[in-house]
Each structure stands twice: as structure tokens, then as C-alpha cells.
Amino acid sequence: MSDDKVFFELTNRLSELEALHDNLKNFGQSVGLSRKAIFEINLVMEEIFTNIVTYAYDNDDEHRIGFFLSHEKGMMVIRIEDTGMSFNPLCARTPDLECALEDRKIGGLGVYLAKHFMDHIDYVRCGNKNILTLKKSVI
Amino acid sequence: MERQKIEIIETMRNNVSIFRLKGRLDSNTSQEFENKIFGAIQSGSRSMIIDFKTLDYISSAGLRVILKAAKELKHSGGKILLCSMESYIREVFEIAGFDSFIPIFPTLDEAVNHF
């Protein structure tokens, strides 16, 4: 039986995206996720991680970001914890997706994609931590 | 462990710059892609195709570069076309609404013939 829970930590560097992908792919394959599900979850985790790395800290020090993945009864649960500034990505503005090319802005697209690919996202600030819990049905 | 970098192979066909992407286009690799595309635009390239046939992954960082290039090319009278996407990558372009202003073709030949 493969383990259906995993925890790993990354530092606040974009080069860690390789490790993020490796960890997710290993876990996803061990619990039998499709390539498409792994792709979509990877994209969402990257968008959240990149936001944290880019905006959460006001110094260049190394900080740790925790990832908890679990899979039970066809549901993937991803919990992401960071100790950066308080930030609720669910409050990000939805981009205007219907405007002309010239007026199109890229901001907010990452969170928009995250909301699209997940069935449920929940944010809490707990002490000095941002805790984001994402759920996706992968049946 | 296998490195997950991006490889960008640039070729010319009928005066069209073709960029074949291989690997993963994410927040860490998109700068290299941006440099390559904008280098070509600066050198006078106005007709471009991005070939996704061997691309495994894209996030909003990759979409940002394509949007920026599409705006720049439109401004200078050029055009960018995309081709050969896996269905799950195409879906990202559709969700983001990019397919409404950047044509996506099933194959490279169809994209080349469109110019």
C-alpha cells in the first residue's frame, strides 16, 4: 500500500519549483492520479507558491513554506503554510477575461486559475501563519 | 534527478520565426523564454509561431510572456500564432480567455500556412 499522505518543505526561491514538481509527481503517481490531475494541481501549487515567494516577505532571508498533501476517497487535499505577511489570495480581484488584447492585464490570473481548478479553497490566518487549504476531486 | 528546464529551439520557415518549446514553462523558466522571444522581436521578427508539441507544463508565468509578446507584435503590425497543444494545456488558454485573441492551430503546418 502506498502512503496517502506526504509533507515537504521548500524555501522561498523560485528554483524550488523543480522540487515542488518532483514531490507532487511522486505522490500523485503513488496514489494513481492522472497526468491531467497532476498537471492541474501542479499549476495551482505553483501559482500559490510563486505569490508567496514574490509578495509575502519584506526581506531576502530564507523562509520555509510547508506543503501537506493527502489523498482519500478520490479527494486531494493540499495545505500550504507560510509565515509571510497576512495575505488571503481569495480576495484577489478577478481579471477581466473578455476585454480586447490591448487592454488585457495578466495580474490576478494565477489565483483565477487556482480557483478554477480546485473545488474548494479555504484561507485562515493562524498566529504568524497563512494557511491555505485546497481541495480537488480526482475521481 | 532529471533537470526540469526549458529548451527553446528557434527555426525559420517562410520568413516565420518558429519557437519549439520543450520541458516546463513556469515562473522559474519563463524569463529565458521572454528573453528569446523579445530578442527575436528586436531583431525584426514580426511573424511568430510558438510550437507546444513537446511542452509538458505551463503556468500563468508562461501565459504572461505570450500575452506580452502578442501585445508587442500587434502594436508593431506583427502576429503570433500557437500550435500543437496537449488538450490540458489548451484548456488553460481557454480558461484564461487567450484563445479569443491568439489563434491556436492543431498542427505546425496549419499555423505556417495561415501566414
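**Strand pairing and the A–B interface**

Reader: Which residue in S3(A) stands opposite His71(A)?

Author: Met76(A) in S3(A) stands opposite His71(A). The model is a predicted one.

Reader: What makes S2(A) and S3(A) a pair of strands?

Author: Pairing requires at least two bridges between the strands. Strand S2 (residues 64-72) and strand S3 (residues 75-82) of chain A are joined by 7 bridges and run antiparallel. Since 7 bridges satisfy a minimum of two, the two strands count as paired. Among the bridge partners in S3(A) are Ile80(A) for Phe67(A) and Glu81(A) for Gly66(A). S2(A) and S3(A) also form a hairpin, with 2 residues between them. Lys73(A), in the turn, has a positive phi of about 45°.

Reader: How many bridges link S1(A) to S2(A), and how many link S3(A) to S5(A)?

Author: S1(A) and S2(A) pair in the antiparallel sense over 7 bridges; Val6(A) has Leu69(A) in S2(A) as its bridge partner. S3(A) and S5(A) are likewise antiparallel and pair over 8 bridges. Here Glu81(A) has Ile131(A) in S5(A) as its partner. Both pairs therefore meet the minimum of two bridges.

Reader: Why are S1(A) and S4(A) called edge strands?

Author: The sheet of chain A is open, with 5 strands in the order S1-S2-S3-S5-S4 and antiparallel pairing. Strand S1 (5-11) and strand S4 (120-126) of chain A each pair on one side only, and that makes them the edges. On average, neighbouring strands of this sheet are turned by 15° against each other, direction ignored.

Reader: Why is the pair Lys129(A) and Glu81(A) called a salt bridge?

Author: The limit is 4 Å from a Lys or Arg side-chain nitrogen to a carboxyl oxygen of Asp or Glu. The N to O distance between the side chains of Lys129(A) and Glu81(A) is 3.0 Å. That value is within 4 Å, so the pair qualifies. Lys129(A) lies in strand S5 (residues 129-137) and Glu81(A) in strand S3 of chain A, so the pair ties together parts that are 48 residues apart in sequence. Over all chains, the count by this rule is 12 salt bridges.

Reader: What makes S4(B) and S5(B) a strand pair?

Author: Strand S4 (residues 79-83) of chain B and S5(B) pair in the parallel sense over 2 bridges. The requirement is at least two, so it is met. Cys83(B) stands opposite Phe105(B) in S5(B). The open sheet of chain B has 5 strands in the order S1-S2-S3-S4-S5, with mixed pairing. Its edge strands, each pairing on one side only, are strand S1 (6-13) and strand S5 (104-105).

Reader: How do you know which residues of chain B and chain A are in contact?

Author: Heavy atoms must lie within 4.5 Å. By that test, 29 residues of chain B are in contact with 27 residues of chain A. The two chains bury about 2700 Å² between them, 58% of it on carbon and sulfur atoms. Helix H2 (residues 35-55) of chain A lies across strand S2 (16-25) and S3 of chain B, running at about 105° to S3(B).

Reader: Why does Arg35(A) with Glu86(B) count as a salt bridge?

Author: Their side chains meet at 3.0 Å, N to O. With the limit at 4 Å, the pair therefore counts. Chain B and chain A have 3 salt bridges between them. The interface also has 15 residue pairs in polar contact, both residues at pLDDT 80 or more. On the side of chain B that touches chain A, strand S3 (47-58), helix H2 (60-75) and helix H3 (87-95) each supply at least two residues. The largest share, 8 residues, comes from H2(B). By class, that side has 14 nonpolar, 6 polar and 9 charged residues.

Key: Residues are numbered from 1 along each chain as its sequence is written. Chains are lettered from A and ligands numbered from 1 in the order in which they are written. This is a predicted model: local features need pLDDT of at least 70, side-chain atom pairs count only at pLDDT 80 or more; totals for chains, interfaces and linings use all residues. Side-chain values use heavy atoms; hydrogens and water are left out. Buried area is the accessible area (1.4 Å probe) that two parts lose on being put together, summed over both. A polar contact is a pair of N or O atoms within 3.5 Å; within protein, one must be able to donate a hydrogen and the other to accept it, and residues adjacent in sequence count only if both atoms are side-chain atoms. Helices (H or I, at least four residues) and strands (E, at least two) are DSSP runs, numbered from the N terminus. Ala, Val, Leu, Ile, Met, Phe, Trp, Tyr, Cys and Pro count as nonpolar, Asp, Glu, Lys and Arg as charged, and the others, Gly among them, as polar. Axes are lines fitted to C-alpha atoms, for helices over the stretch in contact, and angles run from 0 to 180 degrees between N-to-C directions.
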